[in-house]
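Reader: Hey, could you walk me through this one? I'd like to begin with the ligand.
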Amino acid sequence: MASAELIEVMKRVWGYSTYLPLQEEAMAEVLEERDSLVVLPTGGGKSLCFQAPAVLLEGMTLVISPLISLMKDQVDSLNAVGVTARCIHSGLTPEERRETNEAVRSGAVRLLYVAPERVVMPNFMDYLRERGVASIVIDEAHCVSHWGHDFRPEYRALSRLRDVFPNVGVHCYTATATPQVRDDIAQSLNLRKPRVLIGSPDRPNLVFSAERREDELAQVLGVVARHPGESGIVYCITRKKVDSLCNELRASGHAALPYHAGMSDADRKANQEAFSRDETEIIVATVAFGMGIDKPDVRFVIHTGMPKSVEHYQQESGRAGRDGLEAECRLLYSGGDYGLWQRLMGDQEGEAAEIARKKLNDMYGYCTGVECRHQVLMKYFGESLGKDNCEACDLCLGVGDFVEDALIIAQKIISGVVRLEGVAGPTYTALVLTGSKEERVVSKGHDQLSTWNVLGENSKENVRDWIEQLVSQAYLDKVGEYNILNVTPSGMAVLRGDETPRMLRPFEKTSKRRREKASAIEGKSWEGVDRELFDALRALRKGIAQENNAPAFTIFGDAALRDMARRKPTTPGEFLEVRGVGEKKCVDFAHLFLPVIEEHT
Ligand code: ADP
């Protein structure tokens with residue numbers, strides 16, 4: 001069967017007429033009841049891989065998911081498109097529990113969501129055995145592995161499902177895909193020759209940029225201003241910073257709420273809910289704000305400080321743009337952040353310290369680097385972007401301009417490193433090159449070097465950035481605990497004038513140009529969209545969501561609203577053609593949306 005029926009279900013229920021990459025293959029595995037392990041990035045459409053087949057399978061699909069909030073969102077979204085779903089968790093009232101049991105018994109439930117610790121309780125296994133299970137889904141499957149970033153011991157017990165249901169296909173989904181984690185998932189869960197499907201980890205809709213932190217509030221407001229009325233997350237390293245920045249944003253007239261581990265559970269929950277219901281635009285948070293957020297229309301994520309690893313950055317910035325529409329990921333950094341993390345990691349020793357330092361250096365390399373940011377992220381995870389220009393980062397968009405006399409500047413820096421070879425790290429080298437008279441420079445006689453003050457007209461932060469840019473292009477190398485700089489063979493080629501590095505113009509001079517360029521993805525996703533109508537539809541959606549006490553995205557996603565504001569349907573039949581409008585939503589909402597569209601046009 002497969003293809004034709006699946007497409008029919010996708011269209012009728014969800015309003016989608018094409019697959020995202022690997023969805024078709026993943027769905028086929030579910031229908032054929034073979035085990036599978038599917039690795040797709042956030043926003044890659046993992047849920048539909050098991051939800052669409054669940055509509056066609058005879059019997060109930062069991063979904064294991066780590067967090068109640070994630071389960072609830074999925075269950076709400078499914079019921080909203082007319083697929084009967086339920087979840088069982090500790091927060092249910094006796095009445096809800098009874099209703100759920102009844103629905104399961106009657107055979108109406110297509111998908112049952114359960115937390116891992118509950119599913120392996122002997123009673124619950126008996127319950128499932130009696131009811132029968134057609135397919136088993138393990139979502140966020142990396143939680144099974146020590147090597148992943150969210151290890152949950154209760155996930156390891158899930159292998160028991162295999163013993164109890166030897167003939168039912170087990171399907172695992174995750175966005176984290178190191179080979180180690182992958183093998184660990186397959187082994188720990190006793191998967192039987194699983195079909196492994198791995199998508200590209202790139203998120204082409206995320207527009208990345210990084211800049212030195214100069215005037216933090218102004219820089220944050222600059223990004224916020226590009227996203228009026230849209231949802232965003234601002235990450236800060238400390239709780240104190242969260243509170244102060246949140247107050248400043250509010251004082252500037254923005255709806256912002258804080259989130260950090262120092263707040264009470266109730267306050268945190270209330271703020272998270274306000275965010276998911278669009279009652280606040282901005283959440284200012286420490287990294288405590290994370291898992292459990294699957295709000296699909298987060299349009300920007302700003303980091304006001306550098307995370308300690310690229311893994312952390314990828315995860316946190318990755319909370320933007322889950323709906324596949326463009327989203328902005330801006331990172332503000334300073335050399336001080338590097339020092340801060342180094343101090344925080346101070347008591348680590350041996351191999352752990354070595355690894356932590358390497359991760360920190362890689363992260364700093366991302367900040368100061370001059371190579372396409374999508375490419376750097378891909379390379380970090382052992383992949384390649386496969387194109388030269390991503391059209392979705394500050395460097396490829398040419399927002400961060402390159403200096404014209406890069407060769408001369410690089411030669412001055414590299415000569416400086418040669419004079420100091422073996423004794424100085426980047427900060428100290430920058431001091432000497434910019435003519436510092438600090439005691440430590442003078443006492444070592446480094447103010448007598450011919451390279452002292454050769455870049456005196458530049459700030460030491462700027463020169464420090466250029467040094468990092470040379471490191472990221474492998475013209476210089478940092479070694480040991482103190483990041484002592486050495487010149488590499490290709491650095492020597494620069495001295496000879498045989499190679500020219502890429503060096504960015506300092507941030508101050510380019511800041512005006514930054515705001516002018518839009519990414520290709522942004523242009524494409526707004527093509528033909530009547531923005532005023534889109535705003536009107538968004539306001540309508542917010543009203544409906546508040547009335548129904550539900551997150552706005554369970555009514556329609558932004559992609560669907562944009563398509564409405566593009567096609568401007570006038571009849572229910574045309575409304576059904578909109579991407580993301582299935583039959584139930586057409587019946588439930590066409591009569592509310594069509595008049596607004598008509599009024600507007
Ligand atoms: P993931 O779990 O991989 O992060 P989701 O399942 O949340 O991704 O899907 C991301 C977004 O893509 C959702 O808004 C979803 O409705 C949408 N989506 C999924 N499949 C399709 C499809 N075939 N066509 C269009 N949109 C899709």
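Reader: So how many residues surround the ligand, and which are the closest?
Author: This is a predicted model, where local features need pLDDT of at least 70, side-chain atom pairs count only at pLDDT 80 or more, and totals for chains, interfaces and linings use all residues. Residues are numbered from 1 along each chain as its sequence is written, and side-chain values use heavy atoms, with hydrogens and water left out. The ligand is surrounded by 16 residues (a heavy atom within 4 Å), and the closest are Tyr16, Thr18, Gly43, Ser47 and Arg322.
Reader: Where does a polar side-chain atom of Tyr16 lie?
Author: That atom is 2.6 Å from a ligand oxygen, a polar contact (N or O atoms within 3.5 Å). For Ser47, a polar side-chain atom sits 2.7 Å from an oxygen of the ligand. The protein covers 82% of the 560 Å² of accessible area (Shrake-Rupley, 1.4 Å probe) that the ligand has on its own.
Reader: Which helix gives the most to the shell?
Author: Helix α3, residues 46–56, with three residues; helices here are DSSP runs of H or I, at least four residues, and strands are E runs of at least two.
Reader: Switching topic: what is the strand order in the open sheet?
Author: The order of the six strands is β8-β13-β12-β9-β11-β10, with parallel pairing (at least two DSSP bridges between two strands).
Reader: And which strands stand at the edges?
Author: β8 (206–212) and β10 (256–259); each has a single partner strand, so one side of each is left without a neighbour in the sheet.
Reader: What's the bridge partner of Ile233 in β11?
Author: Ile283. Strands β9 (231–235) and β11 (282–285) pair in the parallel sense over four bridges.

How values were computed: Polar contact = N/O pair within 3.5 Å; in protein donor to acceptor, adjacent residues only side chain to side chain.
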